[in-house]
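Subject: Structure handover

Hello,

Here is the structure for your files. My notes on it come after the coordinates.

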Amino acid sequence: MLEKDRRDVKEPDTDSGPARLHAVNRQLAEAYPELSPQLKLAAGYVLEHPVEIAFQSIRKSATAAAVTASTLVRLAKRLGFDSFDQFREVFQSAVQAGPVELSGRANQLRSLASQTDDQVFLDVGDAAFDNIGRLFTADNQQRVRDAARRLLAAEKIAVVGFRDTFACAYHFAYVGRIAMPNIQLIRGQEGGLLTELAPFSEGDVVVAFGFEPYCAETMRALEITRAAGVSAIVVTDTMRSPLVPGATITFPVANATPHFFPSILSAITLIEVLLAECVAFGPDDLVDNVASFESRMRAMGAYVEQG
């Protein structure tokens with residue numbers, strides 16, 4: 001990527017409601033491992049229930065979090081706020097920014113699904129719609145733009161995800177590399193993790209995927225790249241995830257499902273949004289790369305033409 005493109009990267013507007021909330025969540029995630037058991041309960045509830053924190057009374061929030069109201073006050077002060085009300089204003093400002101409107105197509109599909117008595121089908125569908133809905137918020141909209149800027153400015157991009165999230169890492173690398181050849185999928189096979197990550201340093205970005213139970217290899221990859229000055233974009237299931245500390249940008253995505261394995265639907269959708277944003281706002285070279293890739297594939301007979 002050109003030097004000019006790297007210099008054009010802008011930091012997020014920290015005065016906006018969503019950006020302020022993200023900063024608070026980052027603080028909580030960084031502090032979480034060292035909090036007392038009661039403060040951990042409070043922090044966990046705050047991270048996972050921003051709407052409730054914004055509009056519930058402190059007593060109701062404390063009851064829901066299984067702590068005392070004074071514990072919530074202590075948590076707010078631990079983060080540098082003078083009072084819980086001042087802390088809550090950050091959440092109110094972010095929530096009032098409102099979600100990005102989704103297509104009415106989801107409601108139509110839900111209506112069709114409700115006409116069956118197959119409860120498993122309905123439960124999986126409900127979880128899928130809820131997971132996607134949680135992704136498309138004003139907070140994430142700004143975060144996606146910030147992440148795309150960093151990806152476009154990077155010299156090299158490493159993509160990491162093992163076991164249950166390998167599909168996410170592979171999808172990001174395969175699709176992304178069509179437009180941005182500087183993307184590399186890190187496989188870590190046969191003890192090659194260190195060798196694969198050795199070329200990455202300051203000015204590069206690592207995109208890491210990880211849901212509970214968190215893979216030791218993913219943690220190791222983040223430790224290695226962080227020590228080398230590589231910026232991390234983390235896609236995980238909660239701000240309490242051990243992948244969060246040290247990350248430059250974190251996307252906590254919903255992965256609830258009645259299925260026996262965590263859903264990767266939101267993560268895959270986020271990948272599509274991120275890569276689309278890169279192509280939309282990146283240099284013309286990215287579009288040329290896509291066109292060139294398609295031409296090469298067709299010339300090699302990679303696609304079956306319709307008769």
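The notes below go from the whole chain to the cores, then to helix 3, the salt bridges and a surface patch.

This is a predicted model, so please read every value as computed from predicted coordinates.

Overall

The protein chain has 15 helices and five strands. Of its 307 residues, 42% count as buried. The accessible surface of the chain comes to about 16200 Å², and carbon and sulfur atoms account for 53% of it. Taking contacts between residues at least 6 apart in sequence, 70% join residues at least 24 apart.

Nonpolar cores

In soluble globular proteins, nonpolar side chains tend to be buried together. In this model the largest nonpolar core has 34 residues, and F172, F209 and F251 have the most contacts inside it. Two or more residues each come from helix 10 (138-153), helix 11 and helix 14 (265-281), and likewise from strand 1 (157-160), strand 2 (183-185), strand 3 (205-210), strand 4 (231-236) and strand 5 (249-252). Helix 14 gives the most, with seven residues.

What does F209 touch, leaving aside residues up to four places away in sequence? The list is V159, V160, G161, T165, C168, A169, F172, T218, V235, L243 and I271. Apart from the largest core lies another, of 29 residues, which includes V24, Y32, A62 and L75.

Helix 3

Helix 3 covers residues 37-48, 12 in number. From its first C-alpha to its last it reaches 17 Å, close to the 16 Å expected at 1.5 Å a residue. The buried residues of helix 3 are L39, A42, A43, G44, Y45, V46 and L47. E48, in the same helix as those residues, is partly exposed, at 36% relative accessibility.

Salt bridges

Side chains of opposite charge can pair when their charged atoms come close. With a cut-off of 4 Å between nitrogen and oxygen, the count comes to seven salt bridges. Three of them are described here, including one that links distant parts of the sequence.

- R240 and E48: the side chains meet at 2.1 Å, N to O. R240 lies in the loop between strand 4 and strand 5 and E48 in helix 3, so this pair ties together parts that are 192 residues apart in sequence. R240 counts as partly exposed, at 32% relative accessibility.
- R149 and D146: the closest N and O atoms are 3.2 Å apart. Both residues are in helix 10, three residues apart, which puts about one helical turn between them. R149 is partly exposed at 25% relative accessibility, whereas D146 is buried at 7%.
- E223 and R220: the closest N and O atoms are 3.7 Å apart. These two are three residues apart in helix 13 (residues 216-227), again separated by about one helical turn. E223 is partly exposed, with a relative accessible area of 39%, and R220 is partly exposed at 40%.

For the two pairs within a helix, the general point is that an α-helix has 3.6 residues a turn, so residues three or four places apart point the same way.

Surface patch

Which residues form a nonpolar patch on the surface? They are Y170, Y174 and V175, with about 260 Å² of accessible area together. Y174 is found in helix 11 (residues 166-179), and is partly exposed, with a relative accessible area of 40%. Helix 11 is also among the elements that give two or more residues to the largest core.

Regards

How values were computed: Residues numbered from 1 in each chain as written. Predicted model: local features only at pLDDT ≥ 70, side-chain atom pairs only at ≥ 80, totals over all residues. Heavy atoms only, no water. Patch = residues over 30% accessible without salt bridge, like charges linked within 9 Å, V, L, I, M, F, W, Y side chains within 5 Å. Areas by Shrake-Rupley, 256 points an atom, 1.4 Å probe, with all protein chains shown as cover. Helix = DSSP H or I, 4+ residues; strand = E, 2+ residues; numbered from the N terminus. Buried < 20%, exposed > 50% of the residue type's maximum accessible area, 1.4 Å probe, protein only. Core = buried A, V, L, I, M, F, W, Y, C linked by side-chain atoms within 4.5 Å. Contact = heavy atoms within 4.5 Å. Expected span 1.5 Å × (residues − 1).
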